[in-house]
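Reader: Hello! I would like a close look at a single part of this structure, the central sheet, along with whatever helps me place it among its surroundings. Could you walk me through it in one connected answer?

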Amino acid sequence: MFDSLSQKLQRIFDKLKRKAKLTEKDIDLVLKEIRVALLEADVNYKVVRVFISRVKEKALGKEVMESFTPAQQIIKIVRDELVYLLGETSKGIIIKEPYPFLILMVGLQGSGKTTTCGKLANFLKKEKGKRPLLVGLDVKRPAASRQLAIIAEKIGVSYVIDESGNATPVELLGKALKKAEKEGYDVVIGDTAGRLQIDEDMMSELEEMERKYKPREILLVIDAMIGQEAVNVAKTFNERLGITGFILTKMDGDARGGAALSIREITGKPIKLIGTGEKLEDLEFFYPDRIASRILGMGDVLTLIEKIEKTQDKKKQQQVANKLVKNQFNFEDFLDQLHELKRMGPIENLLSMVPGLSPGTNIPQVDEKELAKIEAIINSMTKEERRHPEIINASRRKRIARGSGTEISDVNRLIGQFKKMKKMMKRFKRMKNIKTGISNFLPF
Ligand SMILES: Nc1nc2c(ncn2[C@@H]2O[C@H](COP(=O)(O)OP(=O)(O)O)[C@@H](O)[C@H]2O)c(=O)[nH]1
Ligand SMILES: [Mg+2]
């Protein structure tokens, strides 16, 4: 996601950084290049137009032109405007009384509604201690209800589906709400029926539910891969239903990112959550500032840290964090982390969040076999070697290779990667105060 846009913007900025002074013409040229990059990323042309004009207005200000670091100033403006475009501060979903709190998940077929209902219920149950109730409102397709039931059972959440085969969605939702009230469920999540395209039947069905039950959240699920079409979908659903926010799914794919950058500006409604994989844990809050940093290749340190926090126990976390900051990370920790990594999901996802590595081109491809090899190599090291990798000389490498049944070149490669990683981790040191603002993110 965003890789290609990110690469283009970085190339533009790299060129810019080489200039000591910027003229108005330089700025015009840069803006033109940014404009093309955004359009190529499938950002809606109207959105591109307002974005560029906002950046231009700020960039032509006296402070920028006359500053000692005009390139940084421009990058900061672009970043700030990207954050603004994406919706400034993160607005999550706040479940509050009166209960049951009704959430309707709406969107086209295949956008990820059912999966996201499961992810959200799982999150609310596990992280927020809520008692969600899932409702399968796609009554015309029995397979759809079954899919929801399977997910609900997997996460241990109660559900209501149409057993009789002749309830309307409106009736079924009414039944579920009554059940929730009686049995003390605090959140009801309705998985509505989607269509391949926007159609009148679907819309009026949703409108009826909206009128009758006044959902507190109507979340439009949009597949980030659909590009330009996202804007039409967002506009129509918003006009008809008054949605409260978006959930963008498949952000783990190679979509160009245009949807994320367009829908907020066009509808004024926030992106609340993002889906980053097929697993039920792959749901994240949407933080515009982090996404903007990711787009600009500044990495997404905060999300990475949060991911690590979620999967590791607290004490270990602290140890790892301290070691990272002090750059004392060694092969023992590396081995520990390998085990943790396996629990955190696709490694490419994680790596793309590390500043300096993103965007994509040279992200090392790590597969399970490779992991096993790495594990074997580290297992063949002595304690001393794991703790002080710098002592691993040629004869030690030979011994390690023999011991682990690998080639010396494998050992060399691992040590090389490790060194590179340590170098990268030095950047963390410079980000002591991540929360204080942009200057800490800038890799220069
Ligand atoms: N990679 C990826 N796949 C997703 C994500 N969300 C949903 N999917 C997949 O998209 C497909 C359609 O999802 P589904 O929930 O059935 O969509 P629905 O028709 O809107 O209910 C399924 O294969 C899901 O596994 C996501 O965030 N990332
Ligand atoms: Mg579905």
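**The sheet and its surroundings**

Author: Happy to! Let us start with a helix on the sheet: helix α11, residues 258–267, lies across β5, β6 (245–249) and β7, and runs at about 175° to β6. Please keep in mind throughout that this is a predicted model.

Now to the sheet itself. Eight strands form an open sheet with mixed pairing, and their order is β3-β2-β4-β1-β5-β6-β7-β8. At the edges are β3 (158–160) and β8 (283–285), each of which pairs on one side only. On average, neighbouring strands of this sheet are turned by 25° against each other, direction ignored. A second helix, α8 (residues 169–183), packs on the sheet too, where it touches β1, β2 (132–136), β3 and β4 (187–191). The direction of α8 makes about 165° with that of β2.

Let us follow the sheet to the β8 edge. Strand β7, residues 271–275, pairs with β8 in the antiparallel sense, over three bridges. Within this stretch, Gly275 stands opposite Leu283 in β8.

Gly275 also takes us to the ligand. Which residues come closest to ligand 1? They are Gly112, Lys113, Thr114, Thr115 and Gly275, out of 18 residues that surround ligand 1. Helix α6 (residues 113–128) gives the most to this shell, with three residues. By class, the shell around ligand 1 has 13 polar and five charged residues, and no nonpolar ones.

Next, the loop that leads into β1. Between α5 (70–86) and β1 (101–106) there is a loop that holds Pro98, and Pro100 is found in the loop between α5 and β1 as well. Both prolines are worth a look if you check backbone geometry. A cis peptide bond joins Glu97 and Pro98, with omega at about 0°. Another cis peptide bond joins Tyr99 and Pro100, and here omega is about -5°.

The loop before β5 has a backbone detail of its own. Lys214 sits in the loop between α9 (200–213) and β5 (217–223). Although Lys214 is not a glycine, its phi is positive, at about 45°. Is Lys214 buried or exposed? Lys214 has 9 C-beta neighbours inside 10 Å, so it counts as exposed.

Asp42 makes a good companion to Lys214. Phi of Asp42 is near 75°, again a positive value in a residue other than glycine. Its place is in the loop between α2 and α3 (45–59). Asp42 is buried, because 22 other C-beta atoms lie within 10 Å, whereas Lys214 is exposed.

From that loop we can step back to α2 and its partner. Two packed helices are described by the angle between their axes and the distance between the axes. For helix α1 (residues 3–17) and helix α2 (residues 24–40), the axes come within 10 Å and cross at roughly 170°. That angle is why α1 counts as roughly antiparallel to α2. On the α1 side, the contact is made by Leu5, Lys8, Leu9, Ile12 and Leu16, which meet Val30, Glu33, Ile34 and Ala37 in α2. Sorted by class, this contact has seven nonpolar and two charged residues, and no polar ones.

Note on methods: Residues are numbered from 1 along each chain as its sequence is written. Chains are lettered from A and ligands numbered from 1 in the order in which they are written. This is a predicted model: local features need pLDDT of at least 70, side-chain atom pairs count only at pLDDT 80 or more; totals for chains, interfaces and linings use all residues. A residue is near a molecule or strand if its C-beta atom, placed from the backbone, lies within 6 Å of it. Helices (H or I, at least four residues) and strands (E, at least two) are DSSP runs, numbered from the N terminus. Ala, Val, Leu, Ile, Met, Phe, Trp, Tyr, Cys and Pro count as nonpolar, Asp, Glu, Lys and Arg as charged, and the others, Gly among them, as polar. Axes are lines fitted to C-alpha atoms, for helices over the stretch in contact, and angles run from 0 to 180 degrees between N-to-C directions. Angles under 35 degrees count as roughly parallel, over 145 as roughly antiparallel, 65 to 115 as roughly perpendicular and the rest as oblique. Two residues are in contact if their C-beta atoms, placed from the backbone, lie within 7 Å. A residue is buried if 20 or more other C-beta atoms lie within 10 Å of its own, exposed if 12 or fewer, and partly exposed in between; C-beta atoms are placed from the backbone. Two strands pair if DSSP finds at least two bridges between them.
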